[in-house]
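Let's take a walk through the pockets of this protein together. Have the model open beside you as you read.

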Amino acid sequence: MATTTTNAPALRRKHLRKRLRTLGFLSPWLVGFTVFFGYPLIATIYFSFMHYNQIKAPTFVGLRNWRYVLEQMPLFGPALWNTLWLVVVMVALRVVFGLGIGLLVTKIKSGVGFFRTAFYLPYLAPPVAATVAFVFLLNPGTGPVNDILGKIGIDAPNWFNDPAWAKPSLVMLSLWGIGDLMVIFMAALLDVPKEQYEAAELDGAGAFTRFRYVTWPSITPIVMFAVVTGVVQTMQYYTQALVAGKLASGVSIGPGSVIQPGYPDHSTLTVPQLVYSLGFQNFNTGAACVLSLVLFAIAMAVTTLLMRRRAGLLSADD
């Protein structure tokens with residue numbers, strides 16, 4: 001009994017040193033999480049209940065900002081619809097095209113390096129430069145794409161100048177830079193054991209059957225990763241839509257000019273653009289914080305739904 005009593009302080013000191021050592025290893029993450037996520041989130045919630053124009057001290061207004069955004073703001077509905085449309089269509093097509101190109105490149109017997117480089121290079125282009133080039137190519141008056149389509153008898157659309165084609169044009173731009181997903185899926189496909197393919201071939205399995213029962217179960221975690229990261233990135237879609245709309249509208253952007261995003265007819269307006277417009281052009285920080293929280297809640301809800309096993313991307317055994 002005396003021995004246990006004597007060793008108790010030593011054990012407590014040992015456990016304390018262990019906790020402090022663990023806390024020391026965790027401190028970089030804790031500091032980063034607090035500074036770059038915890039504090040901004042708390043500040044956003046705080047300012048969503050305030051009237052704050054970034055000049056005068058904030059004043060409490062209760063739910064006025066929330067009622068304004070959810071009930072009175074005319075552009076909130078179109079911006080939310082465009083953002084969700086891009087999330088569903090763009091993410092789905094990027095995953096399908098990335099996987100398809102990855103399968104194609106892994107099956108090529110010769111010239112793999114050339115095709116891999118050719119598909120990956122567009123991804124390295126800066127977003128603004130890539131958007132400028134794409135808008136030039138699809139310009140309805142001077143662009144080479146419409147010129148070629150007209151010569152072969154196809155009535156070409158107005159692309160970024162047509163509200164019905166503006167969002168599909170942005171999707172085409174995202175598919176042009178599909179190199180990042182191609183590389184990820186190639187790594188996953190090359191990691192599938194060849195013995196499983198050989199066993200499936202001996203059993204008489206065709207190409208589709210081998211993909212369904214050999215390839216797909218092995219790459220489902222990578223598909224999940226691509227979908228979740230794609231949803232998070234598309235929820236923050238800003239630069240390409242803004243640059244494409246401004247270039248297509250023909251409005252010159254100079255010092256002191258106020259950019260109104262969403263051309264044409266608010267068809268390319270996204271929630272992040274609306275957040276920037278409210279917060280840094282109209283100095284309505286409270287409403288911008290409300291929009292940010294709504295976007296955050298939707299992103300969290302969609303991500304949680306995807307991470308559940310019932311989403312169908314992961315089997316029960318994974």
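Our starting point is helix H10, which supplies six residues to the lining of the largest pocket, the largest share of any element. Please keep in mind that this is a predicted model.

How much space lies in the largest pocket? The volume comes to about 610 Å³. The lining is made up of 25 residues, and those closest to the pocket centre are Arg94, Tyr123, Asp180, Gln233 and Gln240. If you colour the model by helix, you can pick out the elements that each give two or more residues to this lining: H3 (76-107), H4 (112-124), H5 (127-137), H7 (163-176), H8 (179-190) and H10 (207-235). As for the chemistry of the wall, 15 of the lining residues are nonpolar, eight are polar and two are charged.

Now let's turn to the second largest pocket, with its volume of about 470 Å³. Here 15 residues form the lining, and Phe37, Leu41, Ser292, Leu295 and Phe296 sit closest to the centre. Two or more residues apiece come from helix H1 (2-47), from H10 and from helix H13 (285-307). Which helix gives the most to this lining? That is H13, with seven residues. The class make-up here is 11 nonpolar and four polar residues, with no charged ones.

It is worth going back to H10 before you leave. This helix gives the largest share of the lining of the largest pocket, and H10 is also among the elements that contribute two or more residues to the lining of the second largest pocket.

Technical notes. Residues are numbered from 1 along each chain as its sequence is written. This is a predicted model: local features need pLDDT of at least 70, side-chain atom pairs count only at pLDDT 80 or more; totals for chains, interfaces and linings use all residues. Side-chain values use heavy atoms; hydrogens and water are left out. On a 1 Å grid over the protein atoms alone, a cavity is a set of points where a 1.4 Å probe fits but cannot get out, and a pocket is an open set with protein on both sides within 12 Å along at least five of seven lines; lining residues have an atom within 4 Å of a point. Grid points are joined across faces, edges and corners, and a volume is the space filled by probe spheres set on the points. Helices (H or I, at least four residues) and strands (E, at least two) are DSSP runs, numbered from the N terminus. Ala, Val, Leu, Ile, Met, Phe, Trp, Tyr, Cys and Pro count as nonpolar, Asp, Glu, Lys and Arg as charged, and the others, Gly among them, as polar.
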